[in-house]
Amino acid sequence: MNNKKLRLGTRRSALAWVQSSQVAAALRAAHPGLEVELVGIETRGDRVLDKPLSQIEGKEFFTAELDHALVEGRVDFSVHSLKDLSLERPREFVLAAVPRRANPRDIALFAPDVPQRLAEGAGLTIGTSSPRRAELLPPFLSKALPHGERNALNLVNLRGNVDSRLRRLHEPRGSERHLDGIVLATAGLSRLYADTSTEREGRKLLDELLAGLNIMVLPLTDSPGAPGQGALAIECRADDHETRALLAVLEDPATRGAITLERQLLAEHGGGCHQRFGATLQWLPGLGGLLRTGGRSGSNVDITGERWLPEVLVADPSGTVKAWDGSHAPKSDARYVLDAAQLAAQLRGDAVFIAHSRALPPDAAAALRGKVVWTSGSTSWFKLAAQGVWVQGCGEAMGAEAAAQMVAEPLLRLPSPARWSVLTHATAVEPWAQGAWSGAQVIATYEMDESALPDAAALKAATHVFWSSTAQFERGRTLVAATAHHASGPGKTADHIRGAGVRHFQAFPTVAEWRKW
């Protein structure tokens, strides 16, 4: 390609400029010789910062000026955060490409002294202008923050660029601009953090602004992102076939499929700046898609739920079904083999993954002070928070490999899984020593009571069994009929059951989906 030049229209904020620069770099790499010039354009959403978008008349707050430039031929294509696009776009435009999506989760960031203030019951003031976040944040944070239930949350309007929002967390306490917490899209911060080459110096900026802050990555199980969150929209004029052909190389079909379903929900339940619900479709390796929704529709109906879109259709159960649900089975008694002092003496790293809330010995929360803590899912998260533990994130009950991918997010600046300490029970030590966590310090903090099998009679009669853990499977497998159908969630339990040579097995993304089946 010789001397072809494209003009890319973009907002002027640091984040918009960086993500557009990354699109331009990808285009240049795909089409050697192609020139891409960034054209900065200020939008109404960038100018009006003193009120929520829901209180501003009209729409297209972040796109109208870019649209005019595209129509008038001043730019050849534009890049938007897809969640900012309205459902009704001008007919003369085409969504030429949707690149691979970045992390769709929200991230909550808190001032350095927030853990102390939570312990004192002082309450928190959190900035957000999103009706969706205002709907989903309070019930989640009341359980996810240490001492959250006895701390009042005051939500206030917050607009502005990423850097100006983060600076509010560093303002002196008592000043008008100080905030205890803010919530942002992880994808935007991740793209900024990846920037080491533009004049905006995204990584240098974030290294300064994130210093000393307390972080929480909000799980999609409890706080799904806005429809389209994490994805970019690359638009051009529909009749500009040459530009469309050049942009097509950036297309990611899986991302387009996901955001199409999410935006269908937006159309069905009410979209725009008043949207009070989140919807995120995840593609799970070997399982298909899991669409999670949370919040309330435009007609004030709770639409919280999930829908599984299996990669391969699972045949309906045949004949009489007698199900045994291991997630509902009584928990075996745990016998701790380490106390709090022994655990504190053994922990060697600065990052700890707690495979189940029971893996933390009684009164051992102090042993985790100053360390990054992640856990398996939000149920364990809430139980650990009730003990005073600051949990940064969870694996969303998707298994150990999925958790390893989450902690590898460069923005979080965490050690590789091999440098973590993992707390689990004695029979799970070997599985944790394999796969993505190989090399980690795996500490058995407790043993399971092996003296009695759960629901032995029911297991013998069961035609369909859901195992909630590897240990449960090993304790009950000999009781189950050879013809029974086995199931589990994804992750190490599923890998273990497959490795045991079970004939009839299916992994499900959640136990709820198994129950529906």
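**View 1. Long-range contacts across the chain.** Take the contacts (heavy atoms within 4.5 Å) between residues at least 6 apart in sequence: 66% of them join residues at least 24 apart. This is a predicted model, where local features need pLDDT of at least 70, side-chain atom pairs count only at pLDDT 80 or more, and totals for chains, interfaces and linings use all residues. Residues are numbered from 1 along each chain as its sequence is written, and side-chain values use heavy atoms, with hydrogens and water left out.

**View 2. Overall build and surface.** There are 18 helices and 23 strands in the chain, read as DSSP runs numbered from the N terminus (helices H or I, at least four residues; strands E, at least two). Along the principal axes, the C-alpha atoms fill a box of roughly 75 × 60 × 45 Å. Of the 517 residues, 53% count as buried, meaning under 20% relative accessible area with a 1.4 Å probe, protein chains only. The chain exposes about 22400 Å², and carbon and sulfur atoms supply 50% of that.

**View 3. Helix H5 against helix H12.** How do the axes of H5 (residues 131-144) and H12 (residues 378-386) cross? They come within 7 Å and cross at roughly 55 degrees, so the two helices are oblique to each other (neither under 35, over 145, nor 65 to 115 degrees). H5 brings Phe-140, Lys-143 and Ala-144 to the contact, while H12 brings Trp-381, Phe-382 and Ala-385. By class, that makes five nonpolar, no polar and one charged residues.

Terms used. Axes fitted to C-alpha atoms, helices over the stretch in contact; angles between N-to-C directions. Nonpolar A, V, L, I, M, F, W, Y, C, P; charged D, E, K, R; others polar. Buried < 20%, exposed > 50% of the residue type's maximum accessible area, 1.4 Å probe, protein only. Areas by Shrake-Rupley, 256 points an atom, 1.4 Å probe, with all protein chains shown as cover.
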